[in-house]
Amino acid sequence: ESVSSRAPRVNVIQPRPSGIVRVTDQPATFHAFESVDLYAMVSGYLKTQAVDIGSRIKKGDVLATIDAPREAKAFEEAAAMLEQSKAHVDQAKARVDAAIAERDAARAAIGQAESDVDRLVARRQLAEKSFHRIKDLSERNAIERKLLDEEQHGLDAATAAEQTARLTVQTVKAQLATAEAKVSQAKADVAEAEAAVNTAKARLDTARVNVEYTKILAPFDGVVTHREFHPGAFIRSASDGGITPLLSVKRTDRMRVAVQVPDRDVVLA
C-alpha cells in the first residue's frame with residue numbers, strides 16, 4: 001500500500017472576515033395576502049350567484065347579481081330626462097334665432113320708418129310753401145277761396161302723415177327694445193336648458209353607477225371562503241344598514257407568513 005493512500009483526507013476552506021451565524025427555528029402561520037368581505041351597494045333580491053365556498057375566481061368575474069328594478073327604472077328615467085333636456089336646449093336655441101330675427105326686422109323697420117319721416121317732412125314743407133303762396137294770392141283776391149281751402153287740407157294731411165310717421169318710429173323703437181329683451185331672455189333660457197342637461201347627465205351617471213352596483217365583481221384572483229345568502233334571499237345594502245357580507249374572498253397566489261421571533265433574536269433578525 002502506498003503512502004499517499006494511507007494519508008488522511010481533509011476539506012479546506014478559505015478563511016474570510018465574518019460574524020457568527022445564528023439560526024433559530026420557530027413555528028409560523030400563513031395568511032392570505034388579501035382578504036375582502038363583499039357587501040351589496042344596492043338593496044334587492046339575490047338573482048344569481050355563480051360561486052360557492054372554495055370556488056376559484058379571477059379578477060373582474062361576476063360573482064353574484066342582485067335584482068334591483070328600482071335602479072333599472074331610475075336609469076331609464078334619467079336617460080329619458082337627459083333626452084328631454086337636450087330637446088329643451090334645441091327649443092331654446094330656436095327661440096334665440098327667432099328673437100334675433102325679430103330684432104333684426106325691428107332694426108330694419110326703424111330705418112324704413114325714419115326714412116318715411118324724412119320724406120314726409122319734405123312733403124309737409126312743400127305743402128307749407130304752397131299754402132303760403134296760395135294764401136298770399138287769396139289775400140289779394142287773385143284766386144278763389146276754395147283753392148286756399150284745398151291747400152290747407154293738403155298741408156293738414158302732410159302734417160298728420162309726418163306725425164304718424166314719427167309715432168311709427170317710436171313704436172318700432174319700442175318693438176326693437178322688446179325684441180332685444182326677448183333675445184336676452186332666450187339666451188338665458190339656453191343657459192338654463194344647458195345647465196339642466198348637465199344635471200340630467202349627472203343623474204344618469206349616478207343611475208348607471210347604481211345599476212353597475214347590482215353586479216358583485218371579484219376584486220382579485222383568489223378563492224371564495226364564505227357565503228351567507230342563496231338566490232332569492234333579500235339583500236340589504238350596506239348604506240341601508242346591511243351588516244352581513246354577501247361573500248368573503250381571499251387572495252391565495254401570494255401569502256403572508258407570520259413568525260414569532262424570540263426577543264433575544266429580534267435585534268439580530
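Let me begin with a small network of salt bridges, in which Glu34, Arg251 and Asp253 are linked. I should say at once that we are looking at a predicted model, and that what I describe was computed from its atoms. Within that network, the side chains of arginine 251 and glutamate 34 meet with a nitrogen-to-oxygen distance of 2.9 Å. The pair connects distant parts of the chain, since arginine 251 belongs to strand S8, residues 247-259, while glutamate 34 belongs to strand S1, residues 28-38, and the two positions lie 217 residues apart in numbering. As for its surroundings, glutamate 34 is partly exposed, at a relative accessible area of 30%.

The structure holds 10 salt bridges, and I would like to show two others. In helix H2, which covers residues 69-139, arginine 119 and aspartate 116 sit three residues apart, or about one turn of the helix. Their closest N and O atoms are 3.5 Å apart, and they form a salt bridge. Both partners count as partly exposed, arginine 119 with a relative accessible area of 43% and aspartate 116 with 22%. The other example joins arginine 103 to aspartate 104, with 3.6 Å between the closest N and O atoms. Here, are the two partners buried or partly exposed? Arginine 103 is buried, because its relative accessible area of 18% falls under the 20% cut-off, whereas aspartate 104, at 38%, is partly exposed. As a general remark, side chains of opposite charge can pair when their charged atoms come close.

Let me turn now to the strands, and to S2 in particular, which spans residues 44-49 and runs antiparallel to strand S7, residues 234-235, with two bridges joining them. In that pairing, glycine 44 stands opposite isoleucine 235. S2 also pairs in the antiparallel sense with strand S4, residues 62-67, over four bridges, and there leucine 46 is found opposite isoleucine 66.

Glutamine 49 is also part of strand S2, and I find it worth a moment. This residue is buried, with a relative accessible area of 14%. Setting aside residues up to four places away in sequence, glutamine 49 touches Leu63, Ala64, Arg227, Phe229, Pro231, Leu246 and Leu247. If we look from the side of leucine 247, again leaving out neighbours within four places, the contacts include Gln49, Leu63, Val36 and Val224, and also Asp37, His226 and Arg227.

Which residues touch the most other members of the largest nonpolar core? That core has 17 residues, and the ones in question are Ile57, Leu63, Ile235, Leu246, Leu247 and Val249. Strands S4 and S8 each supply at least two residues of this core, and the largest share, three residues, comes from S4. A second, separate core consists of eight residues, among them Leu82, Ala200, Leu204 and Ala207. In soluble globular proteins, nonpolar side chains tend to be buried together.

Finally, a word on distances across the model, for which I return to helix H2, where methionine 81 lies. Methionine 81 is partly exposed, with a relative accessibility of 35%. Between its C-alpha atom and that of valine 169, which is 88 residues apart from it along the chain, the separation is 46 Å.

Note on methods
Residues numbered from 1 in each chain as written. Predicted model: local features only at pLDDT ≥ 70, side-chain atom pairs only at ≥ 80, totals over all residues. Heavy atoms only, no water. Pairing = 2+ DSSP bridges. Salt bridge = Lys/Arg side-chain N within 4 Å of Asp/Glu carboxyl O. Buried < 20%, exposed > 50% of the residue type's maximum accessible area, 1.4 Å probe, protein only. Contact = heavy atoms within 4.5 Å. Core = buried A, V, L, I, M, F, W, Y, C linked by side-chain atoms within 4.5 Å.
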